[in-house]
Amino acid sequence: MFERFTKDARAVVTGAVEHAERDKAPAVGAEHLLLALLDREGGRASFALAALGGVEWVDSVRRALGDARRRGGLSQAETEALAGLGIDVTEIVARVEEAHGVGALAGDRRSGTGWSGHRPFSKDAKDVLTRSLRMAVARRDRHIGDEHLLLALTSRPGVPAEALAGHGVTHESVTRVLYGGPETKAG
């Protein structure tokens, strides 16, 4: 599949691995793909994000991803659902961090000499990559671009889509900016 990726899409995947390494995450996640997309300039995805006001809210999205990471990867919707069951995630995070340090639920591997070897992709990240292929095939595009990665991130539930949707960046709005009309969700 990677042979079909454009230079921009490959740069996003490489950037995602770098973000995961900086975070000392055990695997490259969908949130790392989004962070790498937010870093890029000049691609179709950055064009779409800029058209949707991205310059103004990128830092807010980065904070939302960091907050979710501190909650052990739970989205705000999942946190609210647990609150409906009487489980206060904020209180749990506070107690765990009080006992074990800030970021204890983030899965950091900070104690140790670092990561050695290949960093795998999480199930969520693999799903984004697979969906990006489906998005390209559905559009009859010959290559998978960074715009397909953005479309895939916005087409599936989870922290990245939630963080973007909070700023009006949805699958539908990205599709409208890129292609001028609605698109059916692949996947």
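**Notes on an all-helix predicted model**

1. A good place to begin is the set of residues in α2 that are buried: Ala 30, His 32, Leu 33, Leu 34, Leu 35, Ala 36, Leu 37 and Leu 38. Please keep in mind throughout that this is a predicted model. Helix α2 covers residues 30-39, and because 8 of its 10 residues are buried, it is largely enclosed by the rest of the structure. The partners that its buried residues pack against are α1 (7-23), α3 (44-51), α4 (54-70), α7 (123-138), α8 (146-154) and α9 (159-165).

2. Now for the overall layout. The protein chain has 10 helices and 0 strands, so read from the N terminus the order is simply α-α-α-α-α-α-α-α-α-α. Of its 187 residues, 42% are buried. Taking contacts between residues at least 6 apart in sequence, 68% join residues at least 24 apart. The chain exposes about 10,000 Å², and carbon and sulfur atoms account for 51% of that area.

3. Next, the core. In soluble globular proteins, nonpolar side chains tend to be buried together. Here the largest nonpolar core holds 41 residues, and the members that touch the most others are Leu 33, Val 61, Leu 149, Leu 150 and Leu 164. At least two residues of this core come from each of α1, α2, α3, α4, α7, α8, α9 and α10. The biggest contribution is that of α2, with 7 residues.

4. Val 61 deserves a look of its own. Which residues does Val 61 contact, leaving aside its neighbours within four places in sequence? They are Leu 34, Leu 38, Ala 163, Leu 164 and His 167. Two of these names have come up already: Leu 34 and Leu 38 are among the buried residues of α2.

5. His 19 is another residue to view alongside α2. His 19 belongs to helix α1 and counts as buried, with 10% relative accessibility. Beyond residues up to four places away in sequence, His 19 touches His 32, Leu 35, Ala 36, Asp 39 and Arg 62. Of those, His 32, Leu 35 and Ala 36 are included in the buried set of α2.

6. I would also zoom in on Ala 152, which sits in helix α8. Is Ala 152 buried or exposed? Its relative accessibility is 0%, so Ala 152 counts as buried. The C-alpha atoms of Ala 152 and Ser 132 are separated by 5.1 Å, with the two residues 20 apart along the chain. Setting aside residues up to four places away in sequence, Ala 152 touches Val 128, Arg 131, Ser 132 and Met 135.

7. Ser 155 follows on nicely from there. Ser 155 is in the loop between α8 and α9 and is buried, at a relative accessible area of 9%. A polar atom of the Ser 155 side chain lies 3.0 Å from the backbone oxygen of Ala 152. The Ser 155 side chain also makes a polar contact, at 3.2 Å, with the side chain of Arg 131. Arg 131 is thus one of the residues touched by Ala 152 and a polar partner of Ser 155.

8. Towards the C-terminal part, helix α10 (residues 171-179) has His 171, Ser 173, Val 174, Thr 175 and Leu 178 as its buried residues. Their cover includes α3, α7 and α8. After α10 comes Gly 180, which has a positive phi near 80°.

9. Two loop residues are worth checking for backbone geometry. Most residues other than glycine have a negative phi, and most peptide bonds are trans. Lys 24, though not a glycine, has a positive phi of about 55°; Lys 24 lies in the loop between α1 and α2 and is partly exposed, with a relative accessible area of 31%. Arg 140 is likewise not a glycine and has a positive phi of about 60°. The loop between α7 and α8 holds Arg 140, which counts as exposed at 77% relative accessibility.

10. Last, the aromatic rings. How many aromatic pairs does a search of the whole structure find? The count is 0. There is, however, a charge over a ring: the charged end of Arg 139 sits over the ring of Tyr 179, 3.7 Å from the ring centre.

Notes:
Residues numbered from 1 in each chain as written. Predicted model: local features only at pLDDT ≥ 70, side-chain atom pairs only at ≥ 80, totals over all residues. Heavy atoms only, no water. Phe/Tyr/Trp six-rings, centres within 6.5 Å; stacked < 30°, edge-to-face > 60°. Lys NZ or Arg CZ within 6 Å of the ring centre and 35° of its normal. Buried < 20%, exposed > 50% of the residue type's maximum accessible area, 1.4 Å probe, protein only. Helix = DSSP H or I, 4+ residues; strand = E, 2+ residues; numbered from the N terminus. Contact = heavy atoms within 4.5 Å. Areas by Shrake-Rupley, 256 points an atom, 1.4 Å probe, with all protein chains shown as cover. Polar contact = N/O pair within 3.5 Å; in protein donor to acceptor, adjacent residues only side chain to side chain. Core = buried A, V, L, I, M, F, W, Y, C linked by side-chain atoms within 4.5 Å.
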